[in-house]
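Q: Please take a close look at the largest nonpolar core of this model, and explain it carefully for someone in a first year of study.

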Amino acid sequence: MAAEGGAGGGGASSAAALLPPPPRATGARGEDHPRLAEIEAEVEALLRTDGVGVKDGELGMAARDATKGWVISLLPRERAFCDGAAIGRGWEWQARIIGPPGTFYEGLAYRLELFVPADYPASAPTPRWSSLVSHSQLADDGAQRLPSVFADALQWDALLDAHANAVDAAAEAGAEAPAFQGMLAVIFTCYAQLTAHLPGEPRMAAAEALRYWRRHPCVGCEMVPFSYDDLMALDEARRAKELEQLAERFERLALPRQREGYARHMAQRVYVARAYEPRHAPLFEDADGWLEEWFEPTFLAALRDGSEGAIRGLMSEVTPGVFEFDMMRPRYCAMLAEETKAFEASELPKSRPNSMNNYGVILNDIGMEWMMNDLVTTFLRPVAAVLFPADGGATLDSQHSFIVKYAEGEDRALDMHTDDSEVTLNLSLVDTFTGAGLTFCGRSDKRDHRRATHEYAHRVGRAVLHAGMHRHGANELLSGERLNLIVWMRSHTLRASPEFAARRLRRADEADPDLVCLSRTHDSDYDRWMPAEPAGEGDDGGAGGAGG
């Protein structure tokens with residue numbers, strides 16, 4: 001299939017086209033970049049450069065080089081603060097890049113965000129991949145794991161000097177001064193990183209080696225020859241030598257294996273996305289986008305209105321912080337369920353949806369990533385901004401979307417847990433089951449996070465929306481098969497904030513738990529509270545994840 005989205009023209013109307021543009025904030029927090037004119041001139045200059053740029057949308061750039069096989073498009077993008085106020089124009093740009101030929105990334109399109117600092121061009125734009133890009137030099141959120149290595153490859157100071165020399169030469173010749181090409185240089189460096197690892201990766205520092213030794217699962221193995229306690233009993237000089245040798249072993253043995261693991265994951269993902277032939281192509285076509293006929297009219301009406309009153313009027317708050325609403329029509333749910341079963345029946349390799357569910361499909365891995373990104377940014381973020389302002393609802397910008405499957409002989413339940421998300425959408429796709437509802441407890445940052453609050457029953461096309469920190473579990477399936485779309489929505493802005501880690505800490509003064517809210521997987525005091533089961537009456541093996 002066309003992994004970067006096929007051509008539209010099916011005649012159906014796009015739901016996104018019917019929605020009003022998101023409102024821009026005014027005032028200080030909505031101000032445009034102080035060097036907006038220069039930044040726009042830089043992009044416009046790229047458009048005018050023969051053989052480099054062609055017009056692509058309103059003040060956008062698409063650069064192509066047939067000999068190297070790369071295609072880059074660059075479009076302006078507005079960004080929001082944690083409180084939802086818009087940053088304004090010129091601060092953030094989004095590039096669309098086709099994976100380099102001959103690499104594990106070939107054949108898919110990837111989105112790269114560029115944040116332009118206030119003192120640009122004195123300082124370089126900061127890149128972050130918003131598409132899923134597996135690479136040992138990138139963090140989980142797509143940012144550079146080793147900023148110094150990227151900076152060395154970018155050579156920003158040399159770029160500034162070269163531009164200054166070009167400006168001086170143009171002045172002497174009485175010619176027009178050339179535009180600076182800083183953003184393109186950052187994009188090219190990111191592109192080069194996909195082609196080959198950037199050089200100069202530093203050896204593991206002593207403090208990092210110490211943490212690695214302490215957390216390593218084996219003792220007496222190739223990497224860690226003796227225990228952490230024995231290491232700490234050594235004198236300082238001997239300990240420093242052992243840590244230096246560990247850093248050398250890591251660079252020689254573990255790092256190549258780590259890179260190989262990233263490559264295998266990316267190769268499988270690209271292979272599946274390119275090889276899979278969808279049963280329902282419109283589910284994958286980001287050119288047409290999300291069709292109006294898929295959504296419940298009441299949901300689209302609330303989004304068109306855009307007011308807090310309209311969005312809250314759509315919702316039923318079944319328990320504090322947990323909302324349900326009619327979202328998708330049965331036809332869309334049936335199509336997605338059929339697509340899930342078609343992929344399951346294929347011979348293509350498959351990955352588990354997460355660390356707890358053993359059965360289901362990762363939608364991003366089969367070619368739906370761009371559609372799911374648009375579902376979040378166009379349709380769900382405006383809702384989350386109203387309902388979950390303190391959880392980064394206004395700045396949701398990435399997602400992990402998957403189908404969970406519960407069936408007899410497979411996963412039948414799921415232990416109590418929280419999600420690796422700021423906000424989670426759970427949408428029921430079928431009604432061919434009994435049982436398997438959700439039990440909600442409290443938020444993990446609250447004293448009563450292990451107190452039961454609600455039993456939720458699924459209904460086709462009806463969505464439930466809750467914070468990722470809200471503890472919940474899937475009750476036991478009694479009969480049939482349950483399929484649900486799960487979208488974990490995340491905010492890079494929130495996760496980069498200093499308070500994010502503190503938000504995830506559990507309260508020390510928590511209330512006594514309800515037994516139904518205990519997690520065998522995650523609660524270290526599970527055995528303290530849970531009565532011992534009679535001999536021979538343990539788990540039947542049907543629960544998902546680690547049991548529960």
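A: In this predicted model, the largest nonpolar core has 60 residues, and those with the most contacts inside it are W290, W294, F295, F299, M327 and L429. A nonpolar core here is a set of buried Ala, Val, Leu, Ile, Met, Phe, Trp, Tyr and Cys residues joined through side-chain atoms within 4.5 Å, where buried means under 20% relative accessible area, with a 1.4 Å probe and protein chains only. Several elements give two or more residues to this core, among them the helices α8 (297-305) and α10 (330-345) and the strands β12 (423-428) and β16 (462-467); helices (H or I, at least four residues) and strands (E, at least two) are DSSP runs, numbered from the N terminus. The largest share, 10 residues, comes from α11. In soluble globular proteins, nonpolar side chains tend to be buried together.

As for the source of these values, this is a predicted model, in which local features need pLDDT of at least 70 and side-chain atom pairs count only at pLDDT 80 or more, while totals for chains, interfaces and linings use all residues. Residues are numbered from 1 along each chain as its sequence is written, and side-chain values use heavy atoms, with hydrogens and water left out.

To see how one member of the core is surrounded, consider L429, which, when neighbours within four places in sequence are set aside, is in contact (heavy atoms within 4.5 Å) with C333, L336, A337, I403, V460, L483, N484 and L485. Separate from this core is a second one of 32 residues, which includes L112, V149, C190 and M266.

Strand β16, already named as a contributor to the largest core, contains V464. V464 counts as buried because its relative accessibility is 0%. With neighbours within four places in sequence again left out, the contacts of V464 include V322, F323, T424, L425 and Y456. Of these partners, T424 lies 40 residues from V464 in sequence, yet the C-alpha atoms of the two are 8.2 Å apart in space.

The chain as a whole gives the setting for these details. The protein chain has 14 helices and 18 strands, and buried residues make up 48% of its 548 residues. Among contacts in the protein chain with a separation of 6 or more, 72% are between residues 24 or more positions apart.

Technical notes:
Buried means under 20% relative accessible area, exposed over 50%, partly exposed in between (1.4 Å probe, protein chains only).
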